[in-house]
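Here is a friendly walk through a protein model and the ligand it holds. Have the sequence and the 3D view open as you read.

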Amino acid sequence: MREKESIRNLKGYEACQIPFEIKLDANEGKNILLSNLYEEGLILDNETPINLYPDNDAILLKKELSKYLNVSINQILVGNGSSEMIELIIKTFVDKDETILSFTPSFSMYKIYAQIYGANFVEVNSNDDFSLDMKKMIKKAKEIFPKVIFICNPNNPTGYLIDLKDIKNLLEETDALVVVDEAYIEFAEKSILSEIERYENLIVLRTLSKAFGLAGIRVGSMISNEELIDIMKKVVSPYHLNSISQYLAVKALQNKENLKPYIEEIKLQRIFLYKSLQKLGMKVVPSYANFLFFQSDIKDLYNKLVDKGVLIRKFSDKLSKYFRVSIGDPSENKKFIGCLKEIVKNENG
Ligand SMILES: *Cc1c(COP(=O)(O)O)cnc(C)c1O
């Protein structure tokens with residue numbers, strides 16, 4: 001098996017989930033301080049008693065996710081954002097000094113967690129136009145035999161979308177665990193999810209933080225074959241996903257039909273922002289996500305925008321002239337472009 005030696009014989013903590021009349025097994029107190037959340041119509045129904053530990057299996061949430069993702073409940077693990085899932089994968093499978101492989105630039109947390117766990121982090125450069133060459137990735141994997149390969153699709157921060165056949169090629173050409181982080185897939189479609197049974201080394205990550213607009217409740221999920229899910233279930237902390245987040249995530253997934261018009265709006269706004277940035281002389285990378293990555297020679301652009309109350313993302317080193325801007329609602333986007341126009345005018349005037 002693939003997991004670390006120390007995990008192989010681990011028997012995970014087993015949360016007791018026996019039906020009860022009187023629950024006196026876990027030293028839970030009585031909720032006297034927030035007792036009228038339900039009566040006040042705030043958030044919870046009386047099915048979610050917050051004085052008790054949450055459902056360790058998050059069964060209602062996994063049921064809703066299984067409908068949305070079209071996979072079985074046993075192929076899902078939920079957690080505090082996909083960030084917790086990234087850490088869990090490394091914690092479970094990567095020993096100190098083993099290697100993790102990824103493209104660069106990509107999502108920064110892969111590298112941060114790799115460092116925390118003492119792993120080697122090896123990066124395959126993107127092409128000059130920020131497209132990603134899977135042949136280069138496969139070649140590297142065959143040279144260095146990584147334990148885990150992280151693929152972010154669409155890629156953060158560039159918005160580049162990798163072809164599914166390239167990901168399948170990678171899955172076939174390596175024995176490493178291939179983690180496909182689909183945090184932005186709702187804006188792109190073309191998920192690899194339907195292949196989880198075909199490839200025993202595939203793990204897919206999803207989140208409610210981006211298209212679902214629920215970053216504050218920290219809910220993400222990992223989808224893989226049952227064997228890998230069962231190994232990671234042993235390692236994850238008991239009761240890690242709180243009951244309020246579980247409750248709200250279930251409610252949100254029950255309203256998921258409202259997602260489509262929102263995603264369509266973002267795609268239209270993406271075209272508007274892309275063209276507007278180009279008109280203002282920025283070099284913009286085509287994006288399949290809810291952000292755009294662009295290059296500008298304007299000195300101190302980041303701070304000039306901060307002075308106008310607009311926050312975008314800046315980068316350092318080789319990418320110090322590059323920026324990532326989230327696609328907001330139409331009025332936010334217009335204001336952002338307005339501020340940028342003023343800055344450009346001042347530069348030229
Ligand atoms: C935002 C983001 C995440 C983290 O999402 P959470 O579920 O909020 O932890 C993971 N991967 C990528 C690529 C992201 O951009």
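The report below starts with the ground rules, then turns to the ligand and the two sheets.

## Ground rules

This is a predicted model, in which local features need pLDDT of at least 70 and side-chain atom pairs count only at pLDDT 80 or more, while totals for chains, interfaces and linings use all residues. Residues are numbered from 1 along each chain as its sequence is written, and side-chain values use heavy atoms, with hydrogens and water left out.

## Around the ligand

Start with the ligand, which has 13 residues around it (a residue is near if one of its heavy atoms lies within 4 Å). S82, D181, T207, S209 and K210 come nearest. By class, this shell has four nonpolar, six polar and three charged residues (Ala, Val, Leu, Ile, Met, Phe, Trp, Tyr, Cys and Pro count as nonpolar, Asp, Glu, Lys and Arg as charged, and the others, Gly among them, as polar). Helix α3, residues 81-93, gives the most to the shell, with three residues (helices are DSSP runs of H or I with at least four residues, strands are E runs of at least two, and both are numbered from the N terminus).

Now look for the polar contacts (pairs of N or O atoms within 3.5 Å). A polar side-chain atom of D181 lies 2.6 Å from a nitrogen atom of the ligand. On the side chain of K210, an N or O atom is 3.0 Å from a ligand oxygen, and for R218 the corresponding distance to an oxygen atom of the ligand is 2.6 Å. Taken alone, the ligand exposes 380 Å², and the protein buries 93% of that (areas by the Shrake-Rupley method with a 1.4 Å probe).

## The seven-stranded sheet

Seven strands form an open sheet in the order β1-β7-β6-β5-β4-β2-β3, with mixed pairing (two strands pair if DSSP finds at least two bridges between them). β1 (76-79) and β3 (120-125) each have a single partner strand, so one side of each is left without a neighbour in the sheet. β1 pairs with β7 (residues 220-223) in the antiparallel sense over four bridges, and L77 has M222 as its bridge partner in β7.

## The four-stranded sheet

A second open sheet has the order β8-β9-β11-β10, with antiparallel pairing. Its edge strands are β8 (283-285) and β10 (313-314), each pairing on one side only. Two bridges join β10 to β11 (residues 322-326), and R313 stands opposite R324 in β11.

Methods
A polar contact is a pair of N or O atoms within 3.5 Å; within protein, one must be able to donate a hydrogen and the other to accept it, and residues adjacent in sequence count only if both atoms are side-chain atoms.
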